[in-house]
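Work through the exercises below with the model open beside you. Try each task before reading its solution.

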Amino acid sequence: MIYYACSYVPLEILLASKLPFAKIDSVDYTEDPLVHRNLCGYCKTTFESLKAMNDEDLFIAVDSCDAMRRINDLARDFSKARIIQLRLPWKRDDESKNFYRDQLANLLEVLSLVRGSSITPEELKEGIKRFNDLKDYLWQLHRENLKYNEIQKAIDFANSGKRYQPSLKYIRKGVPRLAVVGGIIKDREFLKMIEDIGAELVLNETCGGMRGFTGEAFSASDPLYEIATRLIQRRVPCGRFVDIESGTSPLQKILLSQKPEGVIKLNQKFCDFFDDYPVPKEIPSISLEIDFPLSSLGQLSTRIGAFVEKLRKGIAGAISRKSKGKYFLGVDSGSTTTNLVVINDSEEILFWKIAPTGINGSVTAHKLLKEAQEEMNFTADDIAYCVATGYGRDIVDFANETVTEITCHAKGARTLFPHAQCIIDIGGQDSKVIRLDEKGSVVDFSMNDKCAAGTGRFLEVMSRVLEKDLDAMAAAAERARKKLSISSMCTVFAESEVVSLIGKGESINDISAGLFRSISKRIVAMYKRVKGQPPVVFTGGVARNSGIVKTLQEELGVKFLIPKIPDIVGAYGAAIIGKEKVVK
């Protein structure tokens, strides 16, 4: 069997050979000591597949990046498969086409030897035709607005030179249409997440999707040169090329033709190629870091969900219903605490409660609901609408709807402070900065995506190391005399750094102040990233800590607006969103 991983392997030649071939599919991987940990997951899965091949297999390697080059080198020593290497040029000029044509000529020679007879120019022309037919078929499926899991199956079949007849399942109307571009993605869980969020994928441009099926080669006197021309100049280029500037990439035309309401730009972990993938300015976009295969969809779901909620403002069909109930509930099921708020028609908070989420967020949410019903003496019939938010929003089974914490915090903060332009929220295990427009709608947001550094959990760990509670740390920081630097991004490493400072005899006062500055610097970077501006509302449990408040205000040069109960702003916003859904 012939295997390949990169979309710069020419399917026209593989089809012309009439030999069986397949693109390496995703597999789980282990951390092989031969492979550096700072390689993307796709390279690691490729190496796992290479190790499983036998001496009858042929792998067509492409040096598409340094990481893949490393995998290809390892394969020569640790895979039984035969390896042929295609060198990919770094530019897309005419000289590069000639260079890659020579690479394809070597591939043609090897495949001719494998099958036992020369691949003729006529067979190459036939291979070009078959590829173009497959490509046109895939784009026709896109125009038919089929569910993307069916289109993805067709893409996977086409990667082996086969045609798949999809089931006639169509995307929903009236929901945001999304495209993904950049780093590789093809996970079924990702597609399901997009659908659960309330959107539909209409294009997967990545290496796992349609990127390899763009551009066209024509039947010519030199078929190899035509194929090289398609791969180097006519198709959507991979992120390694230096000339993928806005307005010059074929991706621009494809996105405009598919008409997505929003674009998700995927940056592969440990890869710099896709940091600024070109997207038409008129299409809203969001940048996310991913790995392959996906291991956790928690933050991805929150970020994409908030992006979709922002897009929905321009799409008709807002949900509303009639109800005789008089109370509106908001439940913020977070990783550390769960908050419940009950309001009335006037958006007054009638009840609120905070409880540790524990190991079962659903049970905790039900417990809070029961406590609210007992204290206020109401039944389920008195609840007009309930909105759940937070990481555990999907397990709050008595909620009518789920909304991301980005949107809920914006709604809650803007209701409390009508002139707010920015929100800083620091919770138990995440932190976020949200920028609002003059109407209170989310314009941009940033979330911590590396670890719990700069969150309430970070402070709890440091409090334990210093053997002082958080209030005592804040008081100690007031007496600081030296500016210590806590530089580690990771909570665990920062803990070691603090232990080392204690061992050197540094004072608790100076260490406490250094920890507050460490958190503040991370928040300031996020604030600048979204172009935040005052008035700024500070929410989340950490907003209760005077040391953080003071240090962060000094770093930003602004005076915060802090709610009386900063922990429940997200739940309050969720309740207000619920109130706006109901027609009395």
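Helices here are DSSP runs of H or I with at least four residues, and strands are E runs of at least two, numbered from the N terminus. The model is a predicted one.

**Exercise 1. Overall build**

Count the helices and strands in the protein chain, then decide how compact the chain is.

Solution.
- Step 1: the protein chain holds 18 helices and 20 strands.
- Step 2: its radius of gyration is 28 Å, and the globule rule gives 25 Å for 584 residues. The two values are close, so the chain is as compact as a globular protein of that length.
- Step 3: along the principal axes, the C-alpha atoms fill a box of roughly 85 × 65 × 40 Å.
- Step 4: of the 584 residues, 58% are buried.
- Step 5: take contacts between residues at least 6 apart in sequence; 67% of them join residues at least 24 apart.
- Step 6: the accessible surface is about 25,800 Å², with 50% belonging to carbon and sulfur atoms.

**Exercise 2. A sheet with β15 and β16**

Give the strand order of the open sheet that contains β15, and find its edges.

Solution.
- Step 1: the order is β17-β16-β15-β18-β19, five strands with mixed pairing.
- Step 2: β17 (442–447) and β19 each have a single partner strand, so one side of each lacks a neighbour in the sheet.
- Step 3: β15 (residues 422–426) pairs with β16 (residues 431–436) in the antiparallel sense, over five bridges.
- Step 4: to find this pairing in the model, look for I426, which stands opposite S431 in β16.

**Exercise 3. An aromatic pair across strands**

Classify the ring pair F538 and F560, and say which parts of the chain the pair ties together.

Solution.
- Step 1: a search of the whole structure finds five aromatic pairs. F538 and F560 form one such pair, with 5.2 Å centre to centre and 65° between the planes.
- Step 2: planes over 60 degrees apart count as edge-to-face, and this pair is edge-to-face.
- Step 3: F538 lies in β18 (residues 536–539) and F560 in β19 (residues 560–561), so the pair ties together parts that are 22 residues apart in sequence.
- Step 4: buried means under 20% relative accessible area. F538, at 0%, is buried. F560, at 6%, is buried too.

**Exercise 4. A sheet with β10 and β13**

Find the edge strands of the open sheet containing β10, and the sense in which β10 and β13 pair.

Solution.
- Step 1: the five strands run in the order β12-β11-β10-β13-β14, and the pairing is mixed.
- Step 2: the edges are β12 (349–356) and β14 (401–402), each paired on one side only.
- Step 3: β10 (residues 327–333) and β13 (residues 383–389) pair in the parallel sense over six bridges.
- Step 4: L329 stands opposite C386 in β13.

**Exercise 5. Three arginines**

Which rings lie under the charged ends of R163 and R235? Then describe the setting of R87.

Solution.
- Step 1: R163 places its charged end over the ring of Y137, 4.2 Å from the centre.
- Step 2: for R235 the ring is that of Y8, and the distance from its centre is 3.8 Å.
- Step 3: R87 sits in the loop between β4 (82–86) and α4 (94–115). It is partly exposed, at 49% relative accessibility.
- Step 4: set aside neighbours within four places in sequence; R87 then contacts D63, F99, Y100 and Q103.
- Step 5: R87 and F99 are 12 residues apart along the chain, with their C-alpha atoms separated by 8.9 Å.

Key
Residues numbered from 1 in each chain as written. Predicted model: local features only at pLDDT ≥ 70, side-chain atom pairs only at ≥ 80, totals over all residues. Heavy atoms only, no water. Phe/Tyr/Trp six-rings, centres within 6.5 Å; stacked < 30°, edge-to-face > 60°. Buried < 20%, exposed > 50% of the residue type's maximum accessible area, 1.4 Å probe, protein only. Lys NZ or Arg CZ within 6 Å of the ring centre and 35° of its normal. Pairing = 2+ DSSP bridges. Rg over C-alpha atoms; globule rule 2.2 N^0.38 Å. Contact = heavy atoms within 4.5 Å. Areas by Shrake-Rupley, 256 points an atom, 1.4 Å probe, with all protein chains shown as cover.
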